[in-house]
Amino acid sequence: MQSLAQPHSIFNLAPRTPRIPALAASRSARLVCVYKFDSSARSDWQSSCAILASNVAQQRDPNDTPVNGHKTLDLVPVPVVDTNAAGALNHPKPLTITDLSPAPIHGATLRVAYQGVPGAYSEAAAGKAYPNCDAIPCDQFEVAFQAVELWIADRAVLPVENSLGGSIHRNYDLLLRHRLHIVGEVQLPVHHCLLALPGVRKEYLSRVISHPQALAQCEHTLTKLGLRVAREAVDDTAGAAEYIAAHSLHDTAAIASARAAELYGLNILADGIQDDSSNVTRFVMLAREPIIPRTDRPFKTSIVFAHDKGTSVLFKVLSAFAFRNISLTKIESRPHRNRPIRLVDDASLGGTAKHFEYMFYVDFEASMAEVRAQNALAEVQEFTSFLRVLGSYPMDMTPWCPSRGHHHH
Ligand SMILES: O=C(O)C(=O)C[C@]1(C(=O)O)C=C[C@@H](O)C=C1
């Protein structure tokens, strides 16, 4: 998420207490946890996470107060089991059946991490994916991933693509960098409003701020509304609304949800300002453990692969699905971060060719419980140098209800 203008970077939006700040020493910390987990020393692993969790709690700025008095998130550290304490005899505590369950303890509220502040579309997506969940705001996507990896949250909800703006590329890169599994998807109709402080009229505005995707989704409508003013990107839509309220900005409007207007005390100047009334964002749900694929309802599977060299590799890979009548719903290519370029010296070409290397992300309509999907992947593996199944999960089949409201001219 880039912030074009310095004054509106997320750091200057005065991150409030309920959000989990980025963890400074997170990278090494995560490695420690993964190692301990692999060695099955669950209690050691839990204590390292507890230390991390309390670091997170300490990093919060006690002077930060929310605009609208949101409940402060208290990061309850995982209970520390001190294996060195007298009485513990240095033996690791035996695992119990509940330790083995990836699902939360029965009856406990599912904690779902999302990027943004209350009123963001990602929060609504978390609520659609997991009704009655405890939605945990995070100031960056990276933090939402870490919250799940460190057991501070049970799931993360991540926007991956929008019907107007296309793929959210950075999130594809994050899926690869982290080890979480896709366990579901939700498609959320995104209905944007133009918000300003009470009493502010369109004519007073000299800038519109929002998430870059939201600005892109309303580009034409803003122009049609006569708003040929500066547009500035911030980290999330609701954060833009909060910023206007917190700084009493009378010359600035935000593009955000009606719920954000309510939460931050702003007026709705225009309703349904997305350029297309069927504006939809697709989110994926992430968990530490994959779900067991089934065949009793429509499933989707997401994979990522790379290939070394060879002729028509992409064609061969895609034909593995086509010959089995498996439909692809999405294909995306991203730079191969570890090896972005392949140099080919060729005298007949008169020098060195620099080929760009890619990671390919493919979603297809089949469950990994189906033999045809297993066979297709076995074949894909033959043509690729790297292959990972990101998840096999139920498709969002909720009935189509386009965003209400119409354009304002
Ligand atoms: O800023 C928000 O409210 C978000 O939830 C992020 C986000 C995105 O990343 O695309 C989600 C849905 C909309 O497409 C606009 C913004």
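The legends below describe close-up views of a predicted model.

**View 1. Residues that surround the ligand.** The shell around the ligand holds 15 residues, and among these A120, S122, Q213, D236 and T237 come nearest. When the residues of this shell are sorted by character, seven are nonpolar, seven are polar and one is charged.

**View 2. Where the shell around the ligand comes from.** At least two residues of the shell are supplied by each of the helices α3 (121-129), α6 (212-217) and α8 (237-246), and at least two also by the strand β3 (155-162). Seen by domain, the shell takes at least three residues from domain 1 (107-189 + 279-289) and at least three from domain 2 (192-271).

**View 3. The region annotated as ACT.** The unreviewed UniProt entry places the feature "domain: ACT" at residues 302-394. Over residues 302-394 the chain is 25% helix and 44% strand, while the C-alpha atoms at the two ends are 11 Å apart.

**View 4. An open sheet of four strands.** The strands follow the order β13-β16-β12-β17, and their pairing is antiparallel. Because β13 (328-335) and β17 (386-394) stand at the edges with a single partner strand each, one side of each is left without a neighbour in the sheet. From one strand to the next, the twist averages 15°.

**View 5. The pairing of β12 with β16.** Strand β12 (residues 299-306) runs antiparallel to strand β16 (residues 358-364), and the two pair over five bridges. Within this pairing, I303 stands opposite V362 in β16.

**View 6. A helix across the sheet strands.** Helix α5 (residues 169-177) lies across β12, β13, β16 and β17, and its direction makes an angle of about 85° with β13.

Notes. Residues numbered from 1 in each chain as written. Predicted model: local features only at pLDDT ≥ 70, side-chain atom pairs only at ≥ 80, totals over all residues. Near = placed C-beta within 6 Å. Nonpolar A, V, L, I, M, F, W, Y, C, P; charged D, E, K, R; others polar. Domains from an automatic or database assignment. UniProt positions renumbered as here; feature names shortened; annotations may be inferred. Pairing = 2+ DSSP bridges. Axes fitted to C-alpha atoms, helices over the stretch in contact; angles between N-to-C directions. Contact = placed C-beta atoms within 7 Å.
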